[in-house]
Every structure is written in structure tokens, then in C-alpha cells.
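Colleague: Before I rely on any of the terms in your notes, I would like to hear how each of them is justified. Could we go through them with the structure in view?

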2 protein chains.
Amino acid sequence: EDQKKQQSAASSDPYSSDPERHPVLRVNSLKPFNAEPPPELLSDSYVTPSAIFFKRNHLPVPRVDPASYELQVDGLPGGGLKLSLEDLKNRFPKYTVTATLQCAGNRRSEMNAVKQVKGLNWGISAISNATWAGARLRDVLLAAGYGPDAARWARHVQFEGLDKDVTGTTYGASIPVNKATNEEGDVLLAYEMNGEPLPPDHGFPVRVVVPGTVGARNVKWLSKITVSAEESSSHWQQNDYKGFSPTTDWDTVDFKSAPAIQELPVQSAITVPADGAAVPRGSEEVTVKGYAWSGGGREVVRVDVSLDGGKTWQVAELRSSDGGQNAEPSPPPGRAWAWKLWELTAPLPSEARQLEIVCKAVDNSYNMQPDTVAPIWNLRGVLSNAWHRVKVNIVDSNE
Amino acid sequence: EDQKKQQSAASSDPYSSDPERHPVLRVNSLKPFNAEPPPELLSDSYVTPSAIFFKRNHLPVPRVDPASYELQVDGLPGGGLKLSLEDLKNRFPKYTVTATLQCAGNRRSEMNAVKQVKGLNWGISAISNATWAGARLRDVLLAAGYGPDAARWARHVQFEGLDKDVTGTTYGASIPVNKATNEEGDVLLAYEMNGEPLPPDHGFPVRVVVPGTVGARNVKWLSKITVSAEESSSHWQQNDYKGFSPTTDWDTVDFKSAPAIQELPVQSAITVPADGAAVPRGSEEVTVKGYAWSGGGREVVRVDVSLDGGKTWQVAELRSSDGGQNAEPSPPPGRAWAWKLWELTAPLPSEARQLEIVCKAVDNSYNMQPDTVAPIWNLRGVLSNAWHRVKVNIVDSNE
Ligand SMILES: [Mo]
Ligand SMILES: [Mo]
């Protein structure tokens, strides 16, 4: 009878069909499931293994039968389009794009340390890089009748997921129509992640991958695409995922006054060593590792690393693949969707007892990260991209 | 005879045919002529009058006969294209774009104050906004035979000016081909500035206007356009107008290691009050004015102003036209080429004897300006976009 009760409780729990997750993940919330990998694993792989790719769910994971799955394309004259998973795979060329996704709340914990914000307390690993494959959204929109006529009134492409809350409200978001239709936008209706079907946590069977754009617009378990003159009316588009001045609080915030986050600003962080780590003096040098990425297809062109809290800087080595330091050709301008991993090995300053290691990245529009957190603090704790700092202690061998 | 000598000296001076300039300009160098308007005039007009638009010449101003002017388009199969000024006006639709141009060296004086750099000592006014009209570069390239075949190998569009040094070397630069050919790139072969033919200092009869891109690529007195697999080989593309880490000096600099500056980072500055100005205590409030702009068509969405050196912030009013505070519709995403002027009127803090006024802008990719100058310092003093700071003294009425 106890067993029966438990089963009944389990089946009334909307999260009961959530998938198993890798035990190495650091869990920020169980229901919905939100978790990030340990930083040192992140910089081990240029392409993040799907099992440790950060998980950011707003709602329970819907379980979708691929045989009956249907994607609806709406808003265009001619009655719209309905596509099965097989249609999507067979009727449209398959494109492959390696793209980094980052949660708007990545590094929120550093804002929380300045003054409390509202949101999951992400560390520095709510960002990951994967190779996605699927149909191009542009091709699907053209097949659905998008053309010069629609271009006259269309301004946004809205997405709706199959994930829903207890009232039946589904997750939704939108992107500007030119990002969706531009040949160089590289927006995918992805059905593969790292060469496999999408895992349940990442949107099986189909998600939108909007390279260069905040994670929140990369809608998972995609059910509906709507071409519209308006942005998505969802909570997450209208009243969340926006940036405000440090002065703005919950009494004064006017969500209409800021644009929805789309492209993200330049970002970098130190994955190795960890804050508070001990470095033996005998090692004579220290190796610092991390990631760097910028939104909007802007390529990271340099990462500066300081061992003295930002007084002097050294330039790190960048890499764009898993195969060592060999230089990959630069992607076309505006289409650098994937991060760079970086590394610097430098002599230990002989006198130092402690190092304050700092990193800052530069992208090819020469935007740089702001120096400090407080002036970019905002009530939702999003867009946290100040210089990243870790302190390490240099310890003698006998300690 | 003295008069004869003077005339001979004058005619051997390559700058002798430079035009007259407005006396209000602050001259940084006479030959070549480089000058900027007083900051308080800059924020008086949303569209900067041509006479006070900053002048940035690398070489003497060439005097061009519009009747015999010829623009050559090279590098495409089929022998290229030669266009007279009349051809350019009659064979191609006329487009009008309001775009802000900024010199890479704007605000270099603030870097110079940290540690000496090489370059003209610009203040905060090497930036201006004008309404440009002309043919679209895209249309001219299509007429010259640009198409899918050329897209396979073409990577850059090179420009050459008629301005040359004593050895005959002409000014040159290039931009990525996708900026030139994209329908949303809005690159013009401009023959009008603010409704008039281009003034001699701004490239009469034709200049390239590359919205969102550093001034140096907006080649004046345009003589030649070359579609190429390579960037311009000019000094200004290869060995100048690039950013480096603060550690890089003239002994260690490797110009190949950094990309040519194209899109510029987010920028803002305070035009009123001037640094060191006196504010009467009796006025009880202070009005702060300035400009804000970002490269790559990213729209400025917010300007934060601090009266206490960056501890607390207030949000300024933005405007996008000369007609008061009325909200203009936002430009399409990625095509915000013109600056915003901004203004904040705030109560004078009652106890203060001095205010440190600071501004910082945010663009719609939520990039922000770095806090301080030293960490972005570079040997050429380019890309100086830290928070702008002015100190003003609050004086009693009887002082
Ligand atoms: Mo997110
Ligand atoms: Mo410049």
C-alpha cells in the first residue's frame, strides 16, 4: 500500500518522467532541473559532451513520441505548414553548426555576492559548446511561404515548446525575423547534438539553435513556429531576460523599457585553477585555463590574463578545436558561433604568497569585458560578464 | 620678388590647395588637417553640420574635377567597370543613410594620460553624425558582375583614395565582402553629405560610407574599388588601426597577430559640462549631456550617468533626432548606424564641493564600456572607450 501511494505521488509529480542525469553535474535546482558541469571539465573538451552540457529547464521535460511529433509553422498566408520529424529530415538539407550556448544567468553568483538578485545561483559553467545538426529555419520558412510580401510586415519569429506548467502555459520566446531568414544567421531546427539524436534534456526531438543568441531563445521540444509582427507574448520574452541599470529595483522596474536579450556581450572565465586552490611553490609555474566567447557571431580575438589582480597582463593561447594548438581558419565575419578555449603557462612570481588571477576577453568588434561587477549589477542577475577573478594560495612544499 | 618666392613655396606645398576650415574647430594637426569640434557643439545637433564634422585627413586634400572624375571597379571577371559621377547618380538608385563616423583614435588623449601613445591627441569629438546619400555599393558590385561565382573566392572589398603622399602612395583600406554585399550592410558610395555635394574635406566627389565601421575604412576621394581574396595591403590596413594588449610595446608588436579594426565597440562621452567647469550651487541642479554610439549597427539602449564617480547611477534620456524628446521608431536590428544624444538633469547633491560625473552606455547586445583606461591601453591609442569622467566644482554664488 505504501508502494502504491508512492507510485501515485510519483505519477502526479510532473517531473516524474524527467531523464536520468550525470552525477558529476552541480545541481542548482531539481524541479525544474538546472545544473552545470564542474569548470575544470568544461575546458577539457572543445566540444562539450552532451551528458555534461549545462542543463537549463524552465519546466518539466516533456516526453515526445518521435513518430507522432508534429511541428507547426504559422503566421504566413496559405494556411501554414505541418512537418513530421521525417519531413524535417528528408525535405530539407541537413546543416551542421558548432555553436556555444550560454544562459543569461551564467555567473549570476558573482552578482549575488554584490547584492541579492532573483534567479538560480549559477557559477561560471552555465555555458557549453556543441555541434548541432538539423534543417535551416530559413529553408523551412521559405517552404512555408516566407518571401518579400511577408518581409513587409514580419518582424519576429516566435517559438513555442511542448514543456508546460500546471496551468498549461508553454515555454515561449522569439527572435528578430532577420536573424531567422538571413543566409548568414545559421539558425537551425536541430534534431542532432554531437552526432546523436537530441537528448531529452536538450529538446528531443527538435529544438531551435540560434547561434550567438542567449540560451533562452533556443527553444527546446519545439512545437510551433509563428512568423509575426510582434515578439512572443511569453513571460520569458516580455518580463524576464532583460537588462536594467544597477539603480533599478523591483519597485521601479518597467520591463517595457528594456529590449529582450538577444545577442550576448563578450564573456570569459577561468576554469583552472579554482578559486581558493593551493599552488605548490616548487612547481615554479602556473597554468591557467578558461573559455571565452562573444554573442552575435563576433569572434574572440584575444584573452588577457593577469596574475596580479589586473595590474599587468599576458596574452593567452587560444584554441578552436580539440586537436591541440593548431590554428583553425577563422570563420566568416559575423559567424563565429563557437567559443575559444584558452591557456596560459607563466612563471610563478617569486615573492608572492597569493595570486589574484584575472581574465578578460576581446572580440573582433573590440568590445571588452567591464572591469567590475557592481556597475553592471541588475535585479535579475543576468549578463554577468565582468572580468573573472580567482585567488590562489602559493604553498611551500612542506605545508 | 619676395611675393614670387612665397608663391613658389606655396605651390610646392602639397597642402596649398587644402580648403578653408571653420575657425571653431580645434586643430590637432594642420598638415595633414585633423581637427575636432568643441564638445558642447557636438551635442547641440543630432545631425552634425558638415562645417564642424570632425576632419581626419591622412594626406593632402586632392582637388577633383567632377566632370572628369572616374571610379574604377576591379577584380571581377569581365573586365571591370568605369563609372563617371553622372553614371553613379543616374544608373543606380539613390539611398540615404544617417550614420555616425568615429575615428579609431577618438579619446586618445585619455590613453596618452595613462602612458604615452603614438598618434594624434584627439579629445572626445573625433566622432560626428551626418546624413549621407549615394549609390549602394552592393548595387554597383552587382552591376560589375558580382554574383555566386565571385562569392566563392571574394573575401574583401578594397578601396583606394585619390589622396597620395610625396612618393605617390595613395590611401587605402578594405572591408569584409559580406558587409559590402549584404542587403542590410547599407554601405554607400556617397556623393552627398547633409543634402549637399560632399565638401572637399569629406571626400568630394565620392567617398565610401561604411556604417558601423571605423572611420579609417570610409575612404574619401574614392578612385578604385577592388573585389579580392585579400585585405588591402595598405599600411593603414596592415600595420595600423589594430588593437593590442596593454603589455604590447613597439619592440614586441606583431601587427599580423591582431585583426584590422572594422566594427567599433560601444562608446559614450560627456560633452557638457566640460572637465573643470564651475557649477553654481544656487542652480540646485545640474544638466549633463553627451553622445553614445556603438559599432556594427548595434543600437544604444541605455546610458547610465553617475555624479559620484560611479558609486550610484541614474538613467539618461536618449534622443534620436533634432526634434526634442519624441521617440523615433527603432531601426531594424543590426542597422542602428546613428548615435543617440542623451541628457540628464539631476539635483545637486547638497554637501558636495566637487562632482565626478561619469557616463557609460549599453548597446542592444548588452555590451558595456570598460570601467578604466589602463587595462585597455594600447600602443597606438585606439579604441579608447572606457567610462568617460569629468570633474566639476560646485561654487558658492559669492565666489
Ligand atoms: Mo537562460
Ligand atoms: Mo581614424
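Colleague: How many residue pairs are in polar contact across the interface of chain A and chain B?

Modeller: In this predicted model, the rule finds 19 such residue pairs across the interface of chain A and chain B, both residues being at pLDDT 80 or more. They are called polar contacts because N or O atoms lie within 3.5 Å.

Colleague: What is the count of salt bridges between chain A and chain B?

Modeller: That count is zero, so between these chains no Lys or Arg side-chain nitrogen is counted within 4 Å of a carboxyl oxygen of Asp or Glu.

Colleague: What makes up the contact, and which residues supply the area?

Modeller: Chain A and chain B each bring 39 residues to the contact, and about 3,000 Å² is buried between them, with 52% of it on carbon and sulfur atoms. On the chain A side, Tyr366(A), Asn367(A) and Met368(A) supply 21% of the area buried against chain B, more than any other three residues.

Colleague: Why is Asp163(A) described as buried yet without a salt bridge?

Modeller: Asp163(A), which is found in strand E8 of chain A, is called buried because its relative accessible area is under 20%. The nearest side chain of opposite charge, Lys220(A), is 7.1 Å away, whereas a salt bridge requires a distance within 4 Å, and therefore none is assigned.

Colleague: Which residues, beyond its neighbours within four places in sequence, is Asp163(A) in contact with?

Modeller: Among them are Leu59(A), Pro60(A), Thr170(A), Tyr171(A), Lys220(A) and Trp221(A).

Terms used
Residues are numbered from 1 along each chain as its sequence is written. Chains are lettered from A and ligands numbered from 1 in the order in which they are written. This is a predicted model: local features need pLDDT of at least 70, side-chain atom pairs count only at pLDDT 80 or more; totals for chains, interfaces and linings use all residues. Side-chain values use heavy atoms; hydrogens and water are left out. Contact means heavy atoms within 4.5 Å. Buried area is the accessible area (1.4 Å probe) that two parts lose on being put together, summed over both. A polar contact is a pair of N or O atoms within 3.5 Å; within protein, one must be able to donate a hydrogen and the other to accept it, and residues adjacent in sequence count only if both atoms are side-chain atoms. Helices (H or I, at least four residues) and strands (E, at least two) are DSSP runs, numbered from the N terminus. Buried means under 20% relative accessible area, exposed over 50%, partly exposed in between (1.4 Å probe, protein chains only). Lys and Arg count as positive and Asp and Glu as negative; His and the chain ends are not counted.
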